[in-house]
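Reader: I would like to learn how to read a structure like this one, feature by feature. Could we begin with the cysteines and then move outward to the whole chain?

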Amino acid sequence: MRLKPYFQLVRLPNVFTAAADSLSGWLLVGGLLVGARAWLPLVVASMAIYAAGIALNDVFDLDVDRGERPGRPLPSGKVSVTFAVSMAVALLAVGFASASFAGLRSAMVAGALIASVVAYDAGVRRTILGPELMGLCRGLNVLLGMSLAPEFGGPAAWTVAAAMAVFIAGVTWISRFETEVGRRAAPASGLVLQAIGIAALFGAGISGGSFPSPWTDRPSVPILGIVILILVSSRILWASGRAVREPRPETLQRAVKVGVLSLIWLHVGVVACVREPTSALAVAALWIPASLTARWIYST
């Protein structure tokens, strides 16, 4: 059995960005890497729910993809619709069960995340609230990683979850007309939202001492984390700016790919501002499978 169509169906490279959400959330609220029994179920839940949501997205988009993207796994017949639906339902169940294993509050966040994912795929994405709901899904994914901390880590941690939600709403606005030419308003709105989200991440990183149990040897100016944020945000905004200047499928899809895959490095930058370098390296390690699989499997 060829696995590539199945990996394409769930956008495998992006699944690792979902893992970065919850792992980063866990580390930002004072969690330790050695506590894998606590954070691993949250990361598994994030990955499973994300993969299920993407598969369901293609199921609901089947008629559109038959015309615009006939080579994708479902319209090409490489994966059956029945299998895609069954797999998505199974992954949602795995995600909820894994989060429930971590605790009641984690299960509640996972339930809200699943409801948001299904609502998005089932029709909200075609409304003006679609990008915002997609952003909410990403924010809930970050909160899932924070769900074992008292008060989800407090205002500093909430800022990171909200910033990621705004950033992904921006990415989704850019992707909205990614197969069309000349529509500049949507990517321009997306670029503004991305900039707002990134600015909030800088603010959270600079105020790293406000997070629970910050790194005791944390420098007063977290240079490493700030440098990472500057480099990755420059790449993101350059790609999105080009999509605004030249709105055509190639530039729009490039901006979306850069925005989604750069999520890992945004998380690395914030974690490097707050926690010890080994924690940031653990999040950065997720870039390896994400970038390698992205050479083989599309991510938009």
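Author: Let us do that, keeping in mind that this is a predicted model. A disulfide is recognised as a pair of cysteine sulfur atoms within 2.5 Å, and by that criterion the structure holds zero disulfides.

Reader: Are the cysteines C137 and C273 buried or exposed?

Author: A residue is called buried when its relative accessible area is under 20%. C137 is buried because its relative accessible area is 8%, and C273 is buried as well, since its value is 0%.

Reader: What share of the residues in the protein chain is buried?

Author: Of the 300 residues in the protein chain, 55% are buried. The accessible surface of the chain comes to about 12,300 Å², and carbon and sulfur atoms account for 70% of that surface.

Reader: How many helices and how many strands does the protein chain have?

Author: The protein chain has 14 helices and zero strands, so that, read from the N terminus on, the order of elements is α repeated from beginning to end: α-α-α-α-α-α-α-α-α-α-α-α-α-α.

Reader: Why can the radius of gyration of the protein chain be said to agree with that of a compact globule?

Author: The idea is to compare the value for the chain with the one expected for a globule of that length: with 300 residues, a compact globule would have a radius of gyration near 19 Å, and the protein chain has 18 Å, which agrees. Taken along the principal axes, the C-alpha atoms fill a box of roughly 55 × 45 × 35 Å.

Reader: What do the contacts in the protein chain say about separation in sequence?

Author: Here one takes the contacts between residues at least 6 apart in sequence, and in the protein chain 77% of these join residues at least 24 apart.

Reader: How many positive and negative charges does the protein chain have, and how far apart are their mean positions?

Author: There are 24 positive and 15 negative charges in the protein chain, and their mean positions lie 5 Å apart.

Reader: Turning to the backbone, what is phi of E151, and where is the place of this residue?

Author: Phi of E151 is near 55 degrees, which is a positive value in a residue other than glycine. E151 sits in the loop between α7 (130-146) and α8 (155-175), and E151 counts as exposed because its relative accessibility is 57%, where exposed requires over 50%.

Reader: What is phi of F152, and where is F152 found?

Author: F152 also has a positive phi, near 55 degrees, and is a residue other than glycine; F152 is found in the loop between α7 and α8.

Note on methods
Residues numbered from 1 in each chain as written. Predicted model: local features only at pLDDT ≥ 70, side-chain atom pairs only at ≥ 80, totals over all residues. Heavy atoms only, no water. Helix = DSSP H or I, 4+ residues; strand = E, 2+ residues; numbered from the N terminus. Rg over C-alpha atoms; globule rule 2.2 N^0.38 Å. Buried < 20%, exposed > 50% of the residue type's maximum accessible area, 1.4 Å probe, protein only. Contact = heavy atoms within 4.5 Å. Areas by Shrake-Rupley, 256 points an atom, 1.4 Å probe, with all protein chains shown as cover. Lys, Arg positive; Asp, Glu negative; His and termini not counted. Charge placed at Lys NZ, Arg CZ, Asp CG, Glu CD.
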